[in-house]
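Colleague: I've got this protein open on my screen and I'd like to talk it through. Could you take my questions one by one?

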Amino acid sequence: MNPVKPGETPRTPWIVGVSGASGTPYAAAVLRGLLDAGESVDLVVSRASRLTLLDETGISFRDAHWQDDLREWLARGADGKPGTFEPDIDAVRHWSAGDLAAGPSSGSYPAKGMLIVPASTACVAGVALGLSKDLLQRAASVTLKEGRRLVVSVRETPLNGQTLRHLVTLDDLGAAVVPASPGFYAGATHIQDLVDFVAGRVLDAAGVEHDLYRRWKGDLGGARTIDN
């Protein structure tokens, strides 16, 4: 349960930023993975991502009712089926994206690091340029300046030269760039498997233990089921 390391407080969360790119199921899977691992989470949902969430799931994410909306969101499978999961969100704290006085806006606020999933190209540019136009970008800038782990799961295709340069800048600054590119060697049989693969790779980059996908063990064909 969220082990306390030297210099950490009893609650030292991972900050999760959700930007406006398509791929809200990726964010849901990462959040469930963190909570299943016993981690605390500080959640920042951008204004643009709320439009994407509404379009992809039909869920309106509202600051005044964020707990009900988050619980409904995390309970859905990647196929949109409600009631697929039973999330426990007690370890989640929500901050409004427009609240630049929020805890994660300061380097003195304790945090393990930050995961941005999915990350839009606009979000990538803002973080790379240090714009801090909202809490999501500000928290990412704080994460970098404090030398904490920043994982950016970009979800866009094709990528133009400008975005690629921004991603190289983030890599130079110490961030881990994890494209939302599902792998098929894990034996996926359902859309949830593909989503969980990406979420698992994001958590791998953060150093968070999970069992979201089958790891490669060097056995060719190991993911196949052979019917006799």
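Colleague: Which residues of α5 are buried?

Modeller: Before I list them: this is a predicted model, where local features need pLDDT of at least 70, side-chain atom pairs count only at pLDDT 80 or more, and totals for chains, interfaces and linings use all residues. Residues are numbered from 1 along each chain as its sequence is written, and side-chain values use heavy atoms, with hydrogens and water left out. Buried means under 20% relative accessible area, exposed over 50%, partly exposed in between, with a 1.4 Å probe and protein chains only; helices (H or I, at least four residues) and strands (E, at least two) are DSSP runs, numbered from the N terminus. With that cut-off, the buried residues of α5 are Leu-135, Leu-136, Gln-137, Ala-139, Ala-140, Ser-141, Val-142, Thr-143 and Leu-144.

Colleague: Why is α5 described as largely enclosed by the rest of the structure?

Modeller: The helix runs over residues 135-145. It is largely enclosed because, of its 11 residues, the number buried is nine.

Colleague: OK, and what covers the buried residues of α5?

Modeller: Here you look for contact, meaning heavy atoms within 4.5 Å. One helix is among the cover, α4 (121-129). The strands in the cover include β1 (14-18), β2 (41-45), β3 (92-96), β4 (113-119) and β5 (149-154).

Colleague: Which residue caps the N-terminal end of α5?

Modeller: Look in the loop between α4 and α5. A side-chain oxygen there lies 3.3 Å from the backbone nitrogen of Leu-136, and the same side chain reaches the backbone nitrogen of Gln-137 at 2.9 Å. Those are polar contacts (a pair of N or O atoms within 3.5 Å; within protein, one must be able to donate a hydrogen and the other to accept it, and residues adjacent in sequence count only if both atoms are side-chain atoms). The capping residue is Asp-134.

Colleague: Is Asp-134 buried or exposed?

Modeller: Leaving aside neighbours within four places in sequence, Asp-134 is in contact with Ser-46, Ala-97 and Leu-100. Its relative accessible area is 12%, so Asp-134 counts as buried.

Colleague: Which residues is Ser-141 in contact with, leaving aside its neighbours within four places in sequence?

Modeller: Ser-141 sits in helix α5 and is buried, with a relative accessible area of 15%. Its contacts outside that window are Gly-130 and Ser-132.

Colleague: Which residue has a positive phi although it is not a glycine?

Modeller: Just after α5, Gly-147 takes a positive phi of about 75 degrees, but that one is a glycine. The residue you want is in the loop between α4 and α5. With a phi of about 55 degrees, it's Ser-132.

Colleague: Where is the cis peptide bond from Val-117, and which proline does it lead to?

Modeller: The omega of that bond is near -10 degrees. Another cis bond runs from Thr-157 to Pro-158, in the loop between β5 and α6 (161-172) for its proline. The proline after Val-117 is found in strand β4, and it is Pro-118.

Colleague: Zooming out, how many helices and strands does the protein have?

Modeller: Along the sequence the pattern is β-α-β-α-α-β-β-α-α-β-α-β-α. That adds up to seven helices and six strands.

Colleague: And what share of the 228 residues counts as buried?

Modeller: For scale, the C-alpha atoms fill a box of roughly 60 × 40 × 40 Å, taken along the principal axes. Of the 228 residues, the buried share is 50%.
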